[in-house]
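Colleague: Before I use this model at the bench, I should like to understand the terms applied to it. Please take me through the reasoning behind each one.

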Amino acid sequence: MPVFGTLSYSKQKTIIIVSFLLIPLLLLATFTYFPAIKLVYYSFTNWDGYSPEKPWVGLDNYREVFGNPDIFKVFTHNFAYFAMGIVQNIVAIYFAVVLNSRLRGKNAFRMLLFLPYIMNGVAVAFMFGYVFDTTNGSLNVFLNSIGLTGLGQTSWLGTEGLVNYSLASTGFWRFMGYNMVIYIASLQAIPRDMYEAATIDGAGPLQTLWRITLPNMKPVIQLNLFLTVTGALEVFDLPFVLTKGGPAGASQTYVQRVVETAFAFNNYGLASAMSIILLFFVVFVLLLQQFVLSRGGNN
Amino acid sequence: MGTFKFGVKDVIKYFTLLIGVFVVLFPPYVVIVNAFKSTDEFNRSSSLALPDSFLNFDNFVTVFQRGGLVSGFANVLIIIIITLTLNILFGTMVAYVLGRFSFKLKPLVFGAYLVATVIPSITTQVATFGIIKNLGLYNTLGAPIVLYIGADVIQIILYLQFIRNIPVDLDENAMVEGASLFKIYRSIIFPLLTPATATLVILKTISIYNDMYIPYLYMPKQSLGVVTTVLMRFQGVNTADWNLICAAILLILLPTVVLYFFLQRYIFEGVASGAVK
C-alpha cells in the first residue's frame, strides 16, 4: 500500500482505528446490543411476533412471570443440574489432584476422562437416550446383569422425580473432564517449592491438600462454580432433544419454556420478559463472581 | 511401612480412575457394538453383546442414503470455514486497535466488548429472531455465520490477552524503518498472534460443530441441515431403529474424536487458557 504508507502516522492511526473497528462494532451492535434493547421493549408489550402493532402492557408480563407458579416452578427443574454440577466439580477436583500426582499412565487417563467434552451434544443426548431406555436400555441391562434387578426396571426418563437427575447426569458425564482439565492447569501453576517447604515442616498429605492445594485453587473453583450456576440456568439442548420436556412437562427447563412461549405460542411479550429475568439472574451471578473474585484477590 | 501405605493409596487412585474410565466409555461402547448389528441381530442379542462382525457396514450405508448426512457435513464445514476466517480477521483487527492505540472512545469500545461477554446470547434469541428475519437471513447459512461472529466475543478477549505479550518494541522498530501501521498489523501482529489463533480455531470448531440451538431455530429448511439437526430429523423418522441411530451417532462423533486424538495437547491448552486468566 504505497499511498497509505506515505501518510503521517497520526493519519494512518485514525484510518486504521476507524476501518478496523467499523464492521466488528456494527456486528456487535446488531447482534448483541440491539437484540438486548429490543428484548426490553418487547417485554412491556403483548406482541404476537408478526402483527405490525405492539400494544403496550406495562409490567403485566413481569407480573405474569412472578405471579404464575407454573412458569416459575420450571426453575426447580433446573435445580437438578445445579446439584449435579456441584458433585461434578468435587469429582473433577478429586481426579485433577490424582492426575497431578506421580502416576503411571496419567496422560492416557486424562485423555479418556476429557473425551466426552469434545463429543457432539445431540449425538451424546441420543446415546444416553439409548442407555436410559427402560426395556432395551443398556443401563438397565447392565444393572440386571450384575444382579441389581430391583434397579434394573427403572424408567430413568419417564419418572417425574428422577428425569431431571438422569438428564443432569448426562451433563455430568459430558463436562466433568472439562472442569478437570481446568483444575489440573491451576494445580500445575502452584509453585513446587510450596510443597517442598510444607514437607520439610512435617505436613502430612491431607494437611497439604487443605492448607496449600485447595486455597491456591480457590479462584478457579469459584470460577467453575459460577459457570455451573449459569450453565444450570441456561440448560436447553439435553432435555429438548431427549425428553421434549416430558413426562408431562416434568423435565422442561426455563429456556425451553421461553422458546415454546415465543415460537410455539407466539407470545413474544411474555417470552421477552422471561428472557430479561433470566438475563438478570445470569448477570447477577456473574457480577457476584467478579465481586467475590476481586475481594479474594485483595486479601 | 512407608511403601505399604504408598501401595494402598495407589490402589485407590487406580481403582477410582478405572471406574471413571468405565463410566466414560460405557455409552460409546454400547453405541459402537450396536451400530454394526443388523436389525434381526439387534432384536435377538443383548444390547451389551458384541456384534457378529465389525465388518457389517450396512447401517452406515443406510444412514448415508437416507439421512442427508453428506449435506449436513458440507453445511457445517462451510459455516465453520467462513465463521473462523472472519472471526480471526475481525478478532485480530480489534485486538490490534485496542491493544496498541489510545484514542478518545477506547474505554467505550473496550467496555462494549466486556459487557457483551456477560450477555448470554441464549437469552436474547427472542429478539434476535426478528432481526435475522428482517435482514433476509432466515433459512440461509448466513444466519448462523453472523450470529457466531457478532454475538460471540470470546475471540476478542482471547486476542487481547495475547497481544499484551507481544513487545511494543517490535512495532516501534518497524516504524523507525518506515513500515506503515497496516504493514505492522499484517507482518508482525497477525503472525505473532498465531498461538491464540490456533486455540480459537480448535475451540470454535468444536463449539460450532456441536451447536444445535442456532441451526435449529434459524435453518429449519431441509437442505440446510447441519450434523446436529440432521441427526435430530433422522432420529425422528427412525425412532425404533436403534441400530441405525447408533450408526448415525457414531458417524457424527467420529470427526471431533479423530481431531481430538491428533490435537489433544492444543485442546487442553486452549481450555486451560480460556478459563485460567
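**Terms and the values behind them**

Modeller: Certainly. Chain B is divided into domain 1 (2-56) and domain 2 (61-275), and please bear in mind that this is a predicted model.

Colleague: How do you know where the domains of chain B begin and end?

Modeller: The bounds come from an automatic or database domain assignment. The centres of domain 1 of chain B and domain 2 of chain B, taken over C-alpha atoms, are separated by 34 Å. Their contact takes 7 residues from domain 1 of chain B and 7 residues from domain 2 of chain B. On the domain 1 side, helix 1 (2-35) and helix 2 (39-44) of chain B are the elements that give two or more residues; helix 1 of chain B has the largest share, 4 residues. By class, that side has 4 nonpolar, 2 polar and 1 charged residues.

Colleague: How is chain A divided?

Modeller: Chain A has domain 1 (2-63) and domain 2 (70-298). The centres of these domains of chain A are separated by 34 Å. In chain A, 12 residues of domain 1 are in contact with 9 residues of domain 2. The side of domain 1 of chain A that touches domain 2 takes its largest share, 3 residues, from helix 2 of chain A, and it has 6 nonpolar, 5 polar and 1 charged residues.

Colleague: What makes up the contact between the two chains?

Modeller: It takes 67 residues from chain B and 72 residues from chain A. On the chain B side, helix 14 (residues 242-275) of chain B gives the largest share, 14 residues. The chain B side divides into 53 nonpolar, 13 polar and 1 charged residues.

Colleague: Why is Gly236(B) called exposed?

Modeller: A residue counts as exposed if 12 or fewer other C-beta atoms lie within 10 Å of its own. Gly236(B) has 8 within that distance, and is therefore exposed. Gly236(B) lies in helix 13 (residues 227-237) of chain B. Between Gly236(B) and Pro220(B) there are 14 Å in space, C-alpha to C-alpha, and the two are 16 residues apart in sequence.

Colleague: How does the radius of gyration of chain B stand against that of a compact globule?

Modeller: The globule rule is 2.2 Å times the number of residues to the power 0.38. For 277 residues it gives a value near 19 Å, but chain B has 24 Å. The C-alpha atoms of chain B fill a box of roughly 75 × 70 × 35 Å along the principal axes. Of the 277 residues of chain B, 40% count as buried.

Colleague: What secondary structure does chain B contain?

Modeller: Chain B has 14 helices and 0 strands. Among its contacts with a separation of 6 or more, 75% join residues 24 or more positions apart.

Colleague: Which residues make the contact between helix 9 of chain A and helix 11 of chain A, and how do the axes cross?

Modeller: The axes of helix 9 (residues 160-188) of chain A and helix 11 (residues 205-233) of chain A come within 10 Å and cross at roughly 145 degrees. The crossing is right-handed. Helix 9 of chain A contributes Asn179(A), Ile182(A), Tyr183(A), Ser186(A) and Leu187(A), while helix 11 of chain A contributes Thr213(A), Met217(A), Val220(A) and Asn224(A). By class, this contact has 5 nonpolar, 4 polar and no charged residues.

Notes:
Residues numbered from 1 in each chain as written. Chains lettered and ligands numbered in written order. Predicted model: local features only at pLDDT ≥ 70, side-chain atom pairs only at ≥ 80, totals over all residues. Nonpolar A, V, L, I, M, F, W, Y, C, P; charged D, E, K, R; others polar. Buried ≥ 20, exposed ≤ 12 C-beta atoms within 10 Å, placed from the backbone. Axes fitted to C-alpha atoms, helices over the stretch in contact; angles between N-to-C directions. Left-handed = near helix turned anticlockwise from the far one by under 90°.
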